[in-house]
Structure formats: structure tokens, C-alpha cells
Amino acid sequence: ALGRIGDTRAVKPLQEAQNDHNKKVVEESTKSLLILNEKIGILFNKLDAGIKQINNEIVTHKPENGYSYFTPKRNFLRVYRDYYLIDLWLYIGNEKIEGVKKVKSKPLQGRLRLVDEIELSNTLKIVSKSYNLMKQDEN
């Protein structure tokens, strides 16, 4: 059932199995969800380290429900971690960035989901672009 990290087709049945009457089904689904959560935790740590390598000026804050990354002056990225994915909300200004979905309610922001280590390199390139756009718009 685990397949690729972030395979939502696997996660939904595992979450639904948490309500099963069979104790063994609940135990196995719990175990699988914990494995997914651990793998996403490792992926998040790699993402976090990569973000901090973009520029040594980047400051991280940990509010209750995610992580915020700042240029010295402004927030350019928020990251939220779930069992099976990492959700990134980033500053895109007026740019159209491939792989980033514009947020209608916040016209200068975009949204990107990271579910697999294969996507990490491209995600870090997009985050770097977001950081540079924010720095450019600050001036």
C-alpha cells in the first residue's frame, strides 16, 4: 500500500482503515501511516537544509502549524507538513512559475506540493526563485 511517498491513493484507504472494526487492520494501517510520516519527515529535513543553503540570510520561524522562511525583511515561504506531503506556499510576485499553482485569494502567492524526493531538486530551484523575487521586490 505504501508505494511512492505521498501516493494519495494509498493514504486515503489507510486513513479510512483507522476506523475498521478489525484490530489487526487498524494496527497495520497505523504502522503504514507512521512509515509514511517518517519518510516525509526525512524529506522535509532535506528540503529545510536545501532552503537554508540558498542564502545564509534566510531566517526560519516555527509557528504552531508549519515553518516560515524569511528574507531579513519579509516572509517568502511557508511550509506545512502532512503524513504524505509537504505543502509550500511561496511568494511569486507577478511571475508564472512552472509547477506552481497561483493562489486566487492571494495574487502574489503560489502553491506547490512536494511528495517525493525525485521532485526535491526542482522544488529547491523554485524556492530559490521565490527568494530572489522577494529580494528583488524589497528593493
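Glu117 sits in the loop between strand 6 and helix 3. In this predicted model, Glu117 is partly exposed, with a relative accessible area of 41%. Leave aside residues up to four places away in sequence, and what Glu117 touches is Leu43 and Lys46. There is also Ile40 to look at: 77 residues separate Glu117 and Ile40 along the sequence, yet their C-alpha atoms are 9.2 Å apart in space. Keep Leu43 and Lys46 in mind, since both turn up again a little further on, in the contact between two helices.

Let's step back and take in the whole chain. How many helices and strands does the chain come to? The tally is 3 helices and 6 strands. If you follow the sequence from start to end, they come in the order α-α-β-β-β-β-β-β-α. The C-alpha atoms fill a box of roughly 60 × 30 × 30 Å, taken along the principal axes. Of the 139 residues in the chain, 39% are buried. And if you take the contacts between residues at least 6 apart in sequence, 50% of them join residues at least 24 apart.

Now back to those helices. Helix 2 covers residues 23-54 and helix 3 covers residues 120-138, and the two pack at an angle of about 40°. Their axes are 10 Å apart. Why call the pair oblique? Angles under 35 degrees would count as roughly parallel and 65 to 115 as roughly perpendicular, so an angle of about 40° makes helix 2 and helix 3 oblique to each other. The crossing of helix 2 past helix 3 is right-handed. On the helix 2 side, the contact is made by Leu43, Lys46, Leu47, Gly50, Ile51 and Ile54. Helix 3 brings Leu120, Thr123, Leu124, Val127, Ser128 and Tyr131. Sort the residues of this contact by character and you get 8 nonpolar, 3 polar and 1 charged.

Next, the inside. In soluble globular proteins, nonpolar side chains tend to be buried together. Here, the largest nonpolar core has 26 residues. Which residues have the most contacts inside this core? They are Leu47, Phe76, Leu77, Ile86 and Leu88. Several elements chip in with at least two residues each: helix 2, strand 3 (75-81), strand 4 (86-91), strand 6 (106-114) and helix 3. The largest share, 7 residues, comes from helix 3.

Leu88 is a nice place to see how this comes together. Beyond its neighbours within four places in sequence, Leu88 is in contact with Leu47, Leu77, Arg78, Val79, Gly110, Arg111, Leu112, Leu114, Thr123 and Val127. Some of those names should ring a bell: Leu47, Thr123 and Val127 also belong to the contact between helix 2 and helix 3.

Another residue worth finding is Phe44, which has its place in helix 2. Is Phe44 buried or exposed? With a relative accessible area of 4%, Phe44 is buried, because anything under 20% counts that way. Not counting residues up to four places away in sequence, Phe44 touches Tyr67, Tyr69, Val79, Arg81 and Ile86. Compare its place with that of Leu120: the two are 76 residues apart in sequence, but 9.6 Å apart in space, C-alpha to C-alpha.

Apart from the largest core lies another one, of 7 residues, among them Val11, Leu33, Leu85 and Val115. Let's look at Leu33, found in helix 2. Leu33 has 5% relative accessibility and counts as buried. Its contacts, again setting aside residues up to four places away, are Val11, Leu14, Gln15, Gln18 and Tyr83. For Leu33 and Gln18, the C-alpha to C-alpha distance is 9.8 Å, with their positions 15 residues apart in sequence.

To finish, follow the chain out of helix 2 into the loop that leads to strand 1 (59-61), where Asn56 is found. Asn56 has 76% relative accessibility and so counts as exposed. Asn56 and Trp89 are 33 residues apart in sequence and 21 Å apart in space, C-alpha to C-alpha.

How values were computed. Residues are numbered from 1 along each chain as its sequence is written. This is a predicted model: local features need pLDDT of at least 70, side-chain atom pairs count only at pLDDT 80 or more; totals for chains, interfaces and linings use all residues. Side-chain values use heavy atoms; hydrogens and water are left out. Axes are lines fitted to C-alpha atoms, for helices over the stretch in contact, and angles run from 0 to 180 degrees between N-to-C directions. Helices (H or I, at least four residues) and strands (E, at least two) are DSSP runs, numbered from the N terminus. A crossing is left-handed if the near helix is turned anticlockwise from the far one by less than a right angle, and right-handed if clockwise. Contact means heavy atoms within 4.5 Å. Ala, Val, Leu, Ile, Met, Phe, Trp, Tyr, Cys and Pro count as nonpolar, Asp, Glu, Lys and Arg as charged, and the others, Gly among them, as polar. Buried means under 20% relative accessible area, exposed over 50%, partly exposed in between (1.4 Å probe, protein chains only). A nonpolar core is a set of buried Ala, Val, Leu, Ile, Met, Phe, Trp, Tyr and Cys residues joined through side-chain atoms within 4.5 Å.
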